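User: I'd like to learn how to read a protein model, one feature at a time. Could you walk me through this one?

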Amino acid sequence: MKADRKKVEPLLRTARGQIDGVLKMIEDNRYCMDIMMQLQAVESLAQREVLRGHLSGCVQDAFETGDQNEREQKIAEIIKLLDKA
């Protein structure tokens with residue numbers, strides 16, 4: 001993993017706490033859209049940092065030292081990820 005672990009690990013610990021909050025919201029029968037907003041926040045919390053690391057590490061390396069197939073593969077991976085969002 002090229003992302004900075006010192007940044008990602010605390011974000012994931014925060015996300016763990018947020019998941020507990022979402023579970024409490026479900027137990028309290030809170031409004032669906034409020035729960036969805038919290039779930040989106042949890043999901044995106046560490047993703048940005050990991051993606052940033054991937055782009056500035058793996059993808060940059062592929063464009064600096066890799067061949068055309070490797071560059072195309074890295075772009076395809078990102079497009080596939082974005083299509084799932």
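Analyst: Happy to; we'll go from the overall fold to a few single residues, bearing in mind that this is a predicted model.

User: Let's start with the fold. How many helices and strands does the protein chain have?

Analyst: The protein chain has three helices and zero strands, so reading from the N terminus gives the order α-α-α. The radius of gyration is 17 Å, well over the 12 Å that the globule rule gives for 85 residues, so the chain is more spread out than a compact globule. Along its principal axes, the C-alpha trace spans about 55 × 30 × 10 Å.

User: What share of the 85 residues is buried?

Analyst: Buried residues make up 21% of them. The accessible surface comes to about 6,600 Å², and 55% of that belongs to carbon and sulfur atoms.

User: And what do the contacts along the chain tell me?

Analyst: Look at the contacts with a separation of 6 or more: residues 24 or more positions apart account for 51% of these.

User: How many positive and negative side chains are there?

Analyst: There are 14 positive and 15 negative side chains, and the centres of the two sets lie 4 Å apart.

User: Next, cysteines. How many disulfides are there?

Analyst: First the general idea: a disulfide is a covalent bond between the sulfur atoms of two cysteines. Here, taking sulfur atoms within 2.5 Å as the test, the count comes to zero disulfides. As for their surroundings, C32 is exposed at a relative accessible area of 57%, while C58 is partly exposed at 23%.

User: What should I look for in the backbone angles?

Analyst: Most residues other than glycine have a negative phi. In this model, N29 has a positive phi of about 55° although it is not a glycine. You will find N29 in the loop between α1 (5–27) and α2 (32–65). N29 is also exposed, with a relative accessible area of 69%.

User: Where is G66, and is G66 buried or exposed?

Analyst: G66 lies in the loop between α2 and α3 (68–84). Its relative accessibility is 16%, and buried means under 20%, so G66 counts as buried.

User: Which residues is G66 in contact with, leaving aside its neighbours within four places in sequence?

Analyst: With those neighbours set aside, G66 is in contact with D61 and R71. For a sense of distance along the fold, try G66 and E43: they are 23 residues apart in sequence, and their C-alpha atoms are 31 Å apart in space.

Conventions. Residues numbered from 1 in each chain as written. Predicted model: local features only at pLDDT ≥ 70, side-chain atom pairs only at ≥ 80, totals over all residues. Heavy atoms only, no water. Helix = DSSP H or I, 4+ residues; strand = E, 2+ residues; numbered from the N terminus. Rg over C-alpha atoms; globule rule 2.2 N^0.38 Å. Buried < 20%, exposed > 50% of the residue type's maximum accessible area, 1.4 Å probe, protein only. Contact = heavy atoms within 4.5 Å. Areas by Shrake-Rupley, 256 points an atom, 1.4 Å probe, with all protein chains shown as cover. Lys, Arg positive; Asp, Glu negative; His and termini not counted. Charge placed at Lys NZ, Arg CZ, Asp CG, Glu CD.
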